[in-house]
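Open your viewer, pick a cartoon view, and keep the selection box handy. We will walk through this model one stop at a time.

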Amino acid sequence: MSIAIPALSRRLRPLLTALCLGTSVAAFTAPAFARGPDGIADVAEKVIDAVVNISTTQTIEAKGGGDKSDSGRGAMPQLPPGSPFEEFFDDFFKNRRGGPGGDKNGGMQPRKTNSLGSGFIIDTAGVVVTNNHVIADADEINVILNDGTKIKATLVGVDKKTDLAVLKFTPPKPLTAVKFGDSEKLRLGEWVIAIGNPFSLGGTVTAGIVSARNRDINSGPYDSYIQTDASINRGNSGGPLFNLDGEVIGVNTLIISPSGGSIGIGFAVPSKTVVGVVDSLRQFGELRRGWLGVRIQQVTDEIAESLNIKPARGALIAGVEDKGPAKPAGIEPGDVVIKFDGKDIKEPKDLSRVVADTAVGKAVDVVIIRKGKEETKQVTLGRLDDGEKAQPASVKSAPEAEKPATQKALGLDITGLSKDMRAKYKIKDSVKGVVVTSVDAGSDAAEKRLAAGDVIVEVAQEAVSNPADVKKRVDALKKDGKKSVLLLVSNAEGELRFVALSVQ
């Protein structure tokens with residue numbers, strides 16, 4: 001062994017020399033700014049004491065037999081039959097029964113698990129912002145300051161939809177707090193700094209640039225993340241993302257990585273969202289979001305063509321709740337919202353975000369397009385109750401289609417909505433229209449997921465009550481040279497959606 005080491009060193013010496021030379025050349029030829037702006041060190045020194053570690057403890061009831069809720073710890077591992085380790089683990093777990101940590105009947109005692117995340121102080125009174133998933137289900141929460149001081153914290157409130165939480169602790173000494181900046185002013189390529197507790201290492205500073213803004217990754221209804229290539233890893237969750245002025249412009253929340261480590265794709269909740277959530281949690285202990293009382297869907301190119309909207313934009317109203325604020329304001333299914341309280345609505349997510357951010361009880365102007373013309377409606381927003389969620393229609397296998405279909409149109413067999421049809425497809429009495437009894441495989445209707453039991457309520461925004469109405473409206477659209485027809489379709493429960501089908 002003593003001989004192999006010098007030999008290995010001799011083999012590596014040319015490579016090391018080359019690497020050193022390469023580094024030396026790069027140092028002289030690369031611009032100094034390629035290493036990042038000089039201000040990073042100043043910002044880090046200024047804000048580091050405001051960044052904290054979040055330590056949580058949770059008591060978990062241990063269960064034997066490989067119960068999944070036990071995360072596999074304290075339980076017999078699931079091994080393939082005949083595994084060479086099967087006998088070893090079998091003996092090990094049997095011998096543990098009745099031993100330390102177990103009871104005489106072979107059960108395991110409840111155990112405590114610990115986890116670490118990040119957070120930051122926004123008020124010298126001891127107010128901390130972090131991610132909800134960092135402290136979720138915790139029995140005990142502790143804040144660890146940069147100098148190692150550990151203080152017990154209490155939970156002020158959480159918002160699961162934006163994955164944010166606010167904590168409070170009693171300061172043992174004067175604290176350093178940071179302020180929020182304006183995430184709306186961020187530019188692509190702008191330098192940002194992330195500080196947190198990756199892999200439980202403690203305060204760690206990384207830097208990168210803003211890779212994208214308003215990123216929607218389908219993790220929640222209000223997605224609008226800042227994407228950055230600053231190194232963010234496990235344990236960075238809840239930590240701040242700073243601009244070069246030392247202002248918090250985001251809360252580091254998610255990464256995309258096949259390995260669990262940073263690959264340069266991290267996401268932060270923008271400060272514009274964080275400020276509103278934190279203010280509400282501090283004031284009320286809960287989030288109070290605006291509520292419009294509608295169901296919305298995307299305005300596709302086909303739907304836009306059917307509604308004479310150019311270009312495709314806005315949020316299509318697919319349904320209006322009877323007790324919601326939109327109904328008395330005169331908003332109807334088929335309307336397309338293009339502006340809300342002075343803000344342009346380009347897609348459904350825009351409407352969801354702006355409604356949620358609007359104060360409960362505020363009267364706002366809503367600009368809609370109805371049958372090709374713009375109209376303005378005034379709506380007084382209600383309050384979204386996060387406990388009330390629209391129940392999706394249960395997925396059922398389509399009943400066998402009736403053989404004597406009355407009419408055929410658009411790749412659909414359709415018939416009148418008789419008592420027998422209502423009973424067969426379990427369609428509510430409140431649903432009116434023409435029932436679909438079968439769908440041609442390979443048709444546009446099949447691709448748009450229409451199925452037997454669906455009810456066509458409107459064709460081109462006109463109500464239909466029998467198959468002849470549907471046929472007549474489709475034929476008229478073909479004569480007018482329309483490429484598609486807009487259907488308002490209901491499921492058996494009465495939930496509506498718009499579907500555009502080709503008439504070619």
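How many cavities of 30 Å³ or more does the count come to? The count comes to one. Keep in mind throughout that you are looking at a predicted model.

**Stop 1: the cavity**

Select Leu307, Ile309, Gly334, Val336, Ile369, Arg370, Lys371, Gly372 and Gln461, and show their side chains; these residues line the largest cavity. The space they surround has a volume of about 30 Å³. Colour the selection by class and you will find four nonpolar, three polar and two charged residues in the lining.

**Stop 2: the whole chain**

Now zoom out. The protein has 504 residues, and 43% of them count as buried. Its secondary structure comes to ten helices and 27 strands. Contacts with a separation of 6 or more are worth a thought here: residues 24 or more positions apart account for 60% of them.

**Stop 3: the barrel**

Next, select strands β7, β8, β9, β12, β11 and β10. In that order they make a closed barrel of six strands, with antiparallel pairing. On average, neighbouring strands of this sheet are turned by 45° against each other, direction ignored.

For one of the pairings, pick residues 225–228, which are β9, and residues 266–270, which are β12. These two strands pair in the antiparallel sense over three bridges. Add Gln227 to the view and look across to β12, where Phe267 stands opposite.

Two helices are worth adding to this picture. Select residues 39–47 for helix α2, which lies across β7 (191–196), β8 (204–215) and β10 (240–242). Helix α2 runs at about 35° to β7. Then select residues 271–284 for helix α5, which lies across β11 (248–255) and β12. Here the angle to β12 is about 50°.

**Stop 4: the second largest pocket**

Stay with helix α5, as it leads to the next stop. Which element gives the largest share of the lining of the second largest pocket? That is α5, with seven residues. About 830 Å³ of space lies in this pocket. Of its 29 lining residues, show Lys272, Thr273, Arg353, Val354 and Asp357, which are the closest to its centre. The elements that give two or more residues to the lining are β8, α5, β17 (343–344) and α7 (348–357). By class, the lining divides into ten nonpolar, eight polar and eleven charged residues.

**Stop 5: a serine in the first strand**

Select residues 51–60 to bring up strand β1, and find Ser55 in it. Is Ser55 buried or exposed? Its relative accessibility is 9%, so Ser55 counts as buried. Leaving aside residues up to four places away in sequence, Ser55 touches Ser115, Leu116, Glu140, Ile141, Asn142, Ile144 and Lys150.

**Stop 6: backbone details in three loops**

Switch to sticks for the backbone. Lys310 and Pro311 are joined by a cis peptide bond, with omega about -10°. You will find Pro311 in the loop between α6 (301–306) and β15 (315–320).

Move on to Asp341, in the loop between β16 (336–340) and β17. Asp341 has a positive phi of about 50° although it is not a glycine. With 22% relative accessibility, Asp341 counts as partly exposed.

Then go to Ala460, in the loop between β24 (455–459) and β25 (462–463). Ala460 is not a glycine either, yet its phi is positive at about 55°. Its relative accessible area is 23%, so Ala460 is partly exposed.

**Stop 7: strand β22 and its partners**

For the last stop, select residues 412–416, strand β22. Why is β22 described as largely enclosed by the rest of the structure? Four of its five residues are buried, so the rest of the structure largely encloses the strand.

Now bring in residues 407–409, strand β21, which runs antiparallel to β22 and is joined to it by three bridges. The two strands form a hairpin with two residues between them. In the turn, Leu410 has a positive phi of about 60°. Finally, add residues 434–439, strand β23, which pairs with β22 in the antiparallel sense over five bridges.

End by centring on Asp413 in β22. Lys408 stands opposite Asp413, and Asp413 also stands opposite Ser438 in β23.

Key:
Residues are numbered from 1 along each chain as its sequence is written. This is a predicted model: local features need pLDDT of at least 70, side-chain atom pairs count only at pLDDT 80 or more; totals for chains, interfaces and linings use all residues. Side-chain values use heavy atoms; hydrogens and water are left out. Two strands pair if DSSP finds at least two bridges between them. Axes are lines fitted to C-alpha atoms, for helices over the stretch in contact, and angles run from 0 to 180 degrees between N-to-C directions. Contact means heavy atoms within 4.5 Å. On a 1 Å grid over the protein atoms alone, a cavity is a set of points where a 1.4 Å probe fits but cannot get out, and a pocket is an open set with protein on both sides within 12 Å along at least five of seven lines; lining residues have an atom within 4 Å of a point. Grid points are joined across faces, edges and corners, and a volume is the space filled by probe spheres set on the points. Ala, Val, Leu, Ile, Met, Phe, Trp, Tyr, Cys and Pro count as nonpolar, Asp, Glu, Lys and Arg as charged, and the others, Gly among them, as polar. Buried means under 20% relative accessible area, exposed over 50%, partly exposed in between (1.4 Å probe, protein chains only).
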